[in-house]
Amino acid sequence: MKLQRMNRRALALGALAVSGALALTACGSDETGNPGGGSSNAAAPSNIKCDDAKGQLQASGSSAQKNAIDAWVKQYTAACKSVQVNYNPTGSGAGITAFLQGQTAFAGSDSALKPEEVEQSKKVCSGGQAIDLPMVGGPVAIGYNVEGVDNLVLDASTLAKIFDSKITKWNDPAIAKLNPDAKLPDVKIQAFHRSDESGTTDNLTKYLKAAAPNDWKYEPGKAWEAKGGQSAQGSSGLAQQVKQTPGAISYFELSYAKDGMKTVSIDTGASKPVEATLENATRAIAAAKQVGTGKDLALELDYATKAEGAYPITLVTYEIVCDKGNKADTLPSVKSFLGYMASEDGQGLLEDAAYAPMPEEVITKVRETVNGLS
């Protein structure tokens, strides 16, 4: 869908922008999902600015944005043939670690940097520090596999109890109360969580803590702390487990909810349950506050929102990069590739890959910041 149509739908968000492109060498990637949408097969835009970009550009991190990266890199490398982009979707935690160790030119993370990570980054960003650049958003879908149940509604309290092994059967009274017309089976719930440190986990647990503090006693974070359940690596690993395991439930970006997989609608306290859609995620992102200072553009989401049509479990994926002190041999490629990701052409690809765009006022700041990287 074109940006103009998104603008009309996005409730006075202003012009929206989002980025896409890939043809990557996936250094040991554990993700197997294919990028969505036909736009990624189109000819590369002729106005991609390659400038002096050349050589290999190494990056890693968020598996949430993997399908977006796939789309971005395909278009970018078709235009800038002297650059090879290698993005390894190792998870947000591992991506930040690799960046802070100087192993990559940038990292992808579904959570903004912590103060101690910013301080540590000064060792690899000569004369500068790492900053958060919000580049892509989207709903964290709750996928499930329950035969005969096509429309499932859950709220924060029930989800917290499910993922903390307090609710263990699909016909539990708490689930039945939210779904009076559903034929819920007497089947064991198979709850799956990430085995690796993940910004997706961080966003889900922030939602549970904010919206159901009496039922979720754990502090939000990239590492899973709740009791019980089963684990899998990466978003694609969780999606695969839901697809193949009767009674399963898990969380992953909407782009991984493919091939007819069913997703939960969230009872937020609004007049009706909210589905995991790009439009509903965009509503939530539009209400986010910028909490980063200077060139850092970190956002704060309202996970306990009760706004009509705002999907509460929404994440923003950041590209983590040095504002100053980038390595001379990779700086042109970093600015060129990130610049394409934030451009109107690049951002226009994301909807086909099931991602939500950044509001125009946010992405405009991202473009300005990328131009000023040194």
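Begin by selecting Phe163, Trp216, Tyr218, Trp224 and Tyr251, which together form one aromatic cluster. The model on display is a predicted one. Across the structure there are 8 aromatic pairs.

Next, restrict the selection to Phe163 and Tyr251. Their ring centres lie 5.9 Å apart and their planes meet at 80°, so this pair is edge-to-face, given that planes over 60 degrees apart are assigned to that class. The pair joins distant parts of the chain: Phe163 belongs to helix H5 (residues 156-163), whereas Tyr251 belongs to strand S9 (residues 248-253). The two residues are separated by 88 residues. Both Phe163 and Tyr251 are buried.

Staying with the cluster, select Trp216 and Tyr218. These two residues also form an edge-to-face aromatic pair, with 5.1 Å from centre to centre and 70° between the planes. Trp216 has a relative accessibility of 1% and therefore counts as buried. Tyr218, at 14% relative accessibility, counts as buried because the cut-off is under 20%.

Now move to helix H7, residues 199-211. With 13 residues at 1.5 Å a residue, helix H7 should span 18 Å. The C-alpha atoms at its two ends are 18 Å apart, which agrees with that expectation.

At the start of H7, display the side chain of Ser198. One of the side-chain oxygens of Ser198 comes to within 2.9 Å of the backbone nitrogen of Thr200. Finally, colour the buried residues of H7: Gly199, Thr200, Thr201, Asp202, Asn203, Leu204, Thr205, Tyr207 and Leu208. Thr200 thus appears twice at this stop, as a buried residue of H7 and as the residue whose backbone nitrogen faces the Ser198 oxygen within 2.9 Å.

Technical notes:
Residues are numbered from 1 along each chain as its sequence is written. Side-chain values use heavy atoms; hydrogens and water are left out. Helices (H or I, at least four residues) and strands (E, at least two) are DSSP runs, numbered from the N terminus. The expected span of a helix is 1.5 Å times one less than its number of residues. Buried means under 20% relative accessible area, exposed over 50%, partly exposed in between (1.4 Å probe, protein chains only). A polar contact is a pair of N or O atoms within 3.5 Å; within protein, one must be able to donate a hydrogen and the other to accept it, and residues adjacent in sequence count only if both atoms are side-chain atoms. Rings of Phe, Tyr and Trp (its six-membered ring) pair if their centres lie within 6.5 Å; planes under 30 degrees apart count as stacked, over 60 as edge-to-face and the rest as tilted.
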